[in-house]
Amino acid sequence: MNRIVVKIGSNVLTREDGTLDITRMSAVADQVAALHKRGMEIILVSSGAVASGRTEVAPRENLDDVSSRQLYSAVGQVKLMNRYSDLFSSHGIVCGQVLTTKDSLSRPEQYENQRHCIDVMLGNRVIPIVNENDTISLTELMFTDNDELSGTMARMMKADMLLILSNINGLYDGDPKESSSRLIPVVKLDGGDDALSGFISPEKSSRGRGGMLTKCGVALKLAGEGIPVVIANGRTPDILVDVVDCKSDVLCTRFEPKLI
């Protein structure tokens, strides 16, 4: 395994008050750096720009959803990238920003340009940090969330694994808040999408746009194309390294790839 896409959700990177959780960001950066130093190529798909911007600027007037998202993401993306740059610099690692849109990735020439850009970054040991460009994305042309974007990145870059970091351990056979619910450690494609439908809540996360429904949809699709997917808790210490090392006691849900 050499190339991994890691998606970090807003609920991992932010505190309850919506501010960036610098301690958590630092822990994630430490783990990415450890894998990077092993020679692995890591592509980071990171949420958190809009959440970061909300704490930096107070609108002078009531804004609609599009205007507020544009304002917060424009301000917050700077803060988010500055933090990542500082954290990776402490490990002697350079990171770079890649902002994209669903519309641009639907155009063959722009798709190829973005793929080439990330390839060049990886070839020069630069960690790409990818996010949707909310300043110009229109609602009807946006990715459902960064789960969908991370799936697109994993497919485009022919990743060996997609690792989705959320605020729960993975997919449960019931409400994760109920003590009777049990984590599903492995999902095989034999049962198809319908086999999981009873376990997945359509509820979205409190800070991001996505939820377990989108995560599992992305995971099933990628696994069907031969790319393994893991959903795990980004707040668990050393979760990235433990998942990559396939430790037997790590709490997560693994979607086994279909052999193609």
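**Burial, backbone geometry and internal space in a predicted model**

Asp238 is partly exposed, with a relative accessible area of 45%, and this residue belongs to a structure that is a predicted model. The place of Asp238 is in the loop between strand S7 (229-233) and helix H9 (239-244), where the residue adopts a positive phi of about 60 degrees although it is not a glycine. A positive phi of about 60 degrees is also found at Arg125, again not a glycine. Arg125 is located in the loop between helix H6 (108-123) and S4 and, at 34% relative accessibility, counts as partly exposed, because this value falls between the 20% limit for buried residues and the 50% limit for exposed ones. A further positive phi, near 55 degrees, occurs at Lys158, which follows H7.

For the chain as a whole, nine helices and eight strands are assigned. Of the 260 residues in the chain, 50% are buried, and the accessible surface comes to about 12400 Å², with carbon and sulfur atoms contributing 49% of that area. When contacts with a separation of 6 or more are considered, 75% of them join residues 24 or more positions apart.

One strand residue with contacts of this kind is Ala232, which is found in strand S7 and is buried, its relative accessible area being 0%. The C-alpha atom of Ala232 is separated by 5.2 Å from that of Gly170, although the two residues are 62 residues apart along the chain. With residues up to four places away in sequence left out of the count, Ala232 touches Leu163, Ile164, Leu165, Ser166, Ile168 and Asn169, and also Ile239, Val243, Leu251 and Cys252. Among these partners, Ile239 and Val243 have numbers that fall within the range of helix H9 (239-244).

Burial extends over most of helix H7 (residues 146-156), in which ten of the eleven residues are buried. The buried residues of H7 include Asp147 and Glu148 as well as Leu149, Met153, Ala154 and Met156; Asn146, Ser150, Gly151 and Thr152 are likewise buried in this helix. In the loop between S4 and H7 lies Ile136, which, by contrast, counts as exposed because its relative accessibility is 55%, over the 50% limit. The C-alpha atoms of Ile136 and Arg69 are 9.8 Å apart in space, while 67 residues separate the two in sequence. Another exposed position is Thr23, with a relative accessible area of 59%; this residue lies in helix H2 (residues 22-37), and its C-alpha atom is separated by 9.0 Å from that of Leu13, ten residues apart along the chain.

A search of the whole structure for aromatic pairs finds one. The pair is formed by Tyr84 and Phe88, whose ring centres are 6.2 Å apart and whose planes meet at 15 degrees, so the arrangement counts as stacked, the limit being under 30 degrees. Both residues belong to helix H4 (residues 65-89), and because they are four residues apart, about one helical turn separates them. In general, an α-helix has 3.6 residues a turn, so residues three or four places apart point the same way. Both members of the pair are covered: Tyr84 counts as buried at 1% relative accessibility, and Phe88 counts as buried at 0%.

Internal space was examined as well. Rolling a probe the size of a water molecule over the atoms shows where empty space is left. The structure holds one cavity of 30 Å³ or more, and the largest cavity has a volume of about 40 Å³. Its lining consists of His36, Met40, Glu41, Ile42, Leu122, Arg125, Val126 and Ile127, and the elements that give two or more residues to this lining are strand S2 (41-46) and strand S4 (126-132). By class, five of the lining residues are nonpolar, one is polar and two are charged. Arg125 thus appears twice in this description, as a lining residue of the largest cavity and as a loop residue with a positive phi.

Key
Residues are numbered from 1 along each chain as its sequence is written. This is a predicted model: local features need pLDDT of at least 70, side-chain atom pairs count only at pLDDT 80 or more; totals for chains, interfaces and linings use all residues. Side-chain values use heavy atoms; hydrogens and water are left out. On a 1 Å grid over the protein atoms alone, a cavity is a set of points where a 1.4 Å probe fits but cannot get out, and a pocket is an open set with protein on both sides within 12 Å along at least five of seven lines; lining residues have an atom within 4 Å of a point. Grid points are joined across faces, edges and corners, and a volume is the space filled by probe spheres set on the points. Ala, Val, Leu, Ile, Met, Phe, Trp, Tyr, Cys and Pro count as nonpolar, Asp, Glu, Lys and Arg as charged, and the others, Gly among them, as polar. Rings of Phe, Tyr and Trp (its six-membered ring) pair if their centres lie within 6.5 Å; planes under 30 degrees apart count as stacked, over 60 as edge-to-face and the rest as tilted. Buried means under 20% relative accessible area, exposed over 50%, partly exposed in between (1.4 Å probe, protein chains only). Contact means heavy atoms within 4.5 Å. Accessible areas come from the Shrake-Rupley method with a 1.4 Å probe; for residues, only the protein chains shown count as cover.
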